[in-house]
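Work through the exercises below with the structure open. Try each task before you read its solution.

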Amino acid sequence: MSNEKTPELPLWVQDRDIVIAHDEEVQWREGIRPDYSYTNEFLHQESKFQHPEGSLEAIAQNLVRTFEMEASNKSNPQQWLSIVTDKFKMSSNGGQHFTAQEVAQQGTYNLFLGESEHYSSETETFESSFEVFHNAFRNGFLWELTEVLSGPPNVTFKWRHWGTFNGSYKDYAPTGETVEIVGVSIARVTDDLKIEYLEHYFDNNVFLEKLTAGGCPFHSQNQNSH
């Protein structure tokens, strides 16, 4: 039974690879479909939860993964299937509300992290912000839902975001350790499970401290070597 397709579920709450395969006339940022096959290997190996297909946990996880994929790879928010584009707003830690267009222009990293000692969204573009973290987490910065606390229309859920810090973060050397963030999000969804509002709560300072606490920065090492 678990292997049977569930055609009654909307496309955007199915596996994100299925969403990607239905890409008729999609404006992909790189001009080609994103390929998650490499990071999927680590996701399958390192995930702590295997939610049953069709469960509320699996549906919510698929929806958020589809949103993240679309925000990262689809340049035109009107083509995002996971949201009600003209109503969508997103916030983190009770801060500013951003529209889908702002998410598409600035990128989720910049909107989530803002200004701090170790990261400045004002000096990063959409492209450079993704390059910074893709370089730090060579095997992917992975995400999974850990628990659903309440169902629609306000789906409240816990999650974990993690990756192996095996590439440099700016001038800071990799530690090879797993960096993990945990948080809680609330997604207000429509009857057909599209996101109208998404709010996240997490400690981004802890995240950045872990990326900069692993010894001397590269530039200090280079100076000491001369």
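**Exercise 1. Find the volume of the largest pocket, then describe its lining.**

Step 1. The model is a predicted one. Its largest pocket holds about 1200 Å³ of space.

Step 2. Go to the centre. The lining has 42 residues, and Glu68, Ser72, Tyr109, Phe130 and His134 are the closest to the centre of the pocket.

Step 3. List the elements that give two or more residues to the lining. They are helices H2 (37-46), H3, H5 (108-113) and H6 (126-136), with strands S5 (142-150), S6 (154-164) and S7 (178-189). H3 gives the most, with six residues.

Step 4. Sort the lining by residue type. It splits into 22 nonpolar, 10 polar and 10 charged residues.

**Exercise 2. Locate the largest nonpolar core and examine tyrosine 169.**

Step 1. The largest nonpolar core has 47 residues. Those with the most contacts inside this core are Phe67, Phe88, Phe133, Phe137, Phe157, Tyr169 and Phe207.

Step 2. Ask which helix gives the most to this core. Helix H3, residues 56-73, does so with six residues.

Step 3. Now take tyrosine 169. Skip its neighbours within four places in sequence. The residues in contact with tyrosine 169 are then His118, Tyr119, Val132, Phe133, Ala136, Leu208, Leu211 and Thr212.

Step 4. Look for another core. A second, separate one has six residues, including Val19, Ile20, Val26 and Met69.

**Exercise 3. Work out the order of the sheet and say why two strands stand at its edges.**

Step 1. Read off the order. The sheet is open, has six strands and runs S2-S1-S8-S7-S6-S5. The pairing is mixed.

Step 2. Recall the rule. Strands of a sheet pair through backbone hydrogen bonds, either parallel or antiparallel.

Step 3. Count partners. Strand S2 (98-99) and S5 each have a single partner strand, so one side of each has no neighbour in the sheet. That puts S2 and S5 at the edges.

**Exercise 4. Trace the pairing from S5 to S8.**

Step 1. S5 and S6 are antiparallel, with seven bridges. A hairpin of three residues joins S5 to S6. Serine 150 has threonine 156 in S6 as its bridge partner.

Step 2. S6 and S7 are also antiparallel, over 11 bridges. Asparagine 154 stands opposite arginine 188 in S7.

Step 3. S7 and strand S8 (residues 195-201) run antiparallel and are joined by six bridges. Isoleucine 186 has glutamate 199 in S8 as its bridge partner.

Step 4. Check the hairpin of S7 and S8. Five residues lie between the strands, and leucine 193 takes a positive phi near 65 degrees.

**Exercise 5. Sort the side chains of S7 by face.**

Step 1. Start from the pattern. In a regular strand the side chains alternate between the two faces of the sheet.

Step 2. Apply it. Val179, Ile181, Gly183, Ser185, Ala187 and Val189 point to one face and are buried. Thr178, Glu180, Val182, Val184, Ile186 and Arg188 point to the other face and are not buried.

**Exercise 6. Place threonine 175 and classify its exposure.**

Step 1. Threonine 175 sits in the loop between S6 and S7.

Step 2. Its relative accessibility is 30%. Buried means under 20% and exposed over 50%, so threonine 175 counts as partly exposed.

Step 3. Compare threonine 85. It is 90 residues from threonine 175 along the chain, and their C-alpha atoms are separated by 40 Å.

Notes. Residues are numbered from 1 along each chain as its sequence is written. This is a predicted model: local features need pLDDT of at least 70, side-chain atom pairs count only at pLDDT 80 or more; totals for chains, interfaces and linings use all residues. Side-chain values use heavy atoms; hydrogens and water are left out. A nonpolar core is a set of buried Ala, Val, Leu, Ile, Met, Phe, Trp, Tyr and Cys residues joined through side-chain atoms within 4.5 Å. Buried means under 20% relative accessible area, exposed over 50%, partly exposed in between (1.4 Å probe, protein chains only). Helices (H or I, at least four residues) and strands (E, at least two) are DSSP runs, numbered from the N terminus. Contact means heavy atoms within 4.5 Å. On a 1 Å grid over the protein atoms alone, a cavity is a set of points where a 1.4 Å probe fits but cannot get out, and a pocket is an open set with protein on both sides within 12 Å along at least five of seven lines; lining residues have an atom within 4 Å of a point. Grid points are joined across faces, edges and corners, and a volume is the space filled by probe spheres set on the points. Ala, Val, Leu, Ile, Met, Phe, Trp, Tyr, Cys and Pro count as nonpolar, Asp, Glu, Lys and Arg as charged, and the others, Gly among them, as polar. Two strands pair if DSSP finds at least two bridges between them.
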